[in-house]
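Hello,

Please find the structure we talked about below. My notes on it follow.

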Amino acid sequence: MPARNIRYSSHLELRVKLRAIPRELPRTVYLGADRRFFDASTGFFIAVHTLPLGGKRREIAVVYRETEREVLLVTIHSLKARQVQNRLASGRWREIPLGT
């Protein structure tokens, strides 16, 4: 399968600009994800990657949608402590094994 084009939503473009987020960070999180999830509430996928940001190691989430030809990165945010565990426990998020 050919590589899919990775595109930023207008919302993500605005967040990157307003919050002075490094331009490549959303792509880095998506491509280097430590964990991936499906959000049953929104129908979006979430890529989570832990990396240094602002002098601390942080879990960063990128929300995205995939088609056969494209990946649309929708938004980015840092996760609060236990946010992943709480969403898994509530059933809102389902973990997707890496490589699938």
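Ile46 has Val63, a residue of β4, as its bridge partner. That pair belongs to the join between β3 (residues 45-53) and β4 (residues 56-66), two strands that run antiparallel and are linked by 9 bridges. Please keep in mind that this is a predicted model.

The sheet comes next. It is open and consists of 6 strands, with mixed pairing and the order β1-β5-β4-β3-β2-β6. At its edges are β1 (5-8) and β6 (93-96), each of which pairs on one side only. From one strand to the next, the twist averages 35°.

Two helices are worth noting here. Helix α1, residues 10-18, packs on the sheet and touches β1 and β5 (70-78). The direction of α1 makes about 40° with that of β5. Helix α3, residues 83-90, also packs on the sheet, where β2 (35-39), β4, β5 and β6 are the strands it touches. The direction of α3 makes about 105° with that of β6.

In the edge strand β1, I looked at one residue, Ile6. Is Ile6 buried or exposed? Ile6 counts as buried because its relative accessible area is 14%, and the cut-off for buried is under 20%. Leaving out residues up to four places away in sequence, Ile6 touches Arg27, Tyr30, Leu31, Val71 and Leu73. As for Arg27, 21 residues separate it from Ile6 in sequence, while the C-alpha to C-alpha distance between the two is 7.6 Å.

Last, the backbone. Most residues other than glycine have a negative phi. Two residues to look at in this respect are Ala20 and Arg82.

- Ala20 has a phi near 55°, a positive value, and is not a glycine. Ala20 sits in the loop between α1 and α2 (25-31). With a relative accessible area of 66%, Ala20 is exposed.
- Arg82 is not a glycine either, yet its phi is positive, at about 70°. The loop that holds Arg82 is the one between β5 and α3. Arg82 is exposed, since its relative accessible area is 52% and the cut-off for exposed is over 50%.

If you open the model yourself, you could begin with Ile46 and Val63, the bridge partners in β3 and β4, and then turn to Ile6 in β1 and the residues that Ile6 touches, among them Tyr30 and Leu73.

Regards

Notes
Residues are numbered from 1 along each chain as its sequence is written. This is a predicted model: local features need pLDDT of at least 70, side-chain atom pairs count only at pLDDT 80 or more; totals for chains, interfaces and linings use all residues. Side-chain values use heavy atoms; hydrogens and water are left out. Two strands pair if DSSP finds at least two bridges between them. Helices (H or I, at least four residues) and strands (E, at least two) are DSSP runs, numbered from the N terminus. Axes are lines fitted to C-alpha atoms, for helices over the stretch in contact, and angles run from 0 to 180 degrees between N-to-C directions. Contact means heavy atoms within 4.5 Å. Buried means under 20% relative accessible area, exposed over 50%, partly exposed in between (1.4 Å probe, protein chains only).
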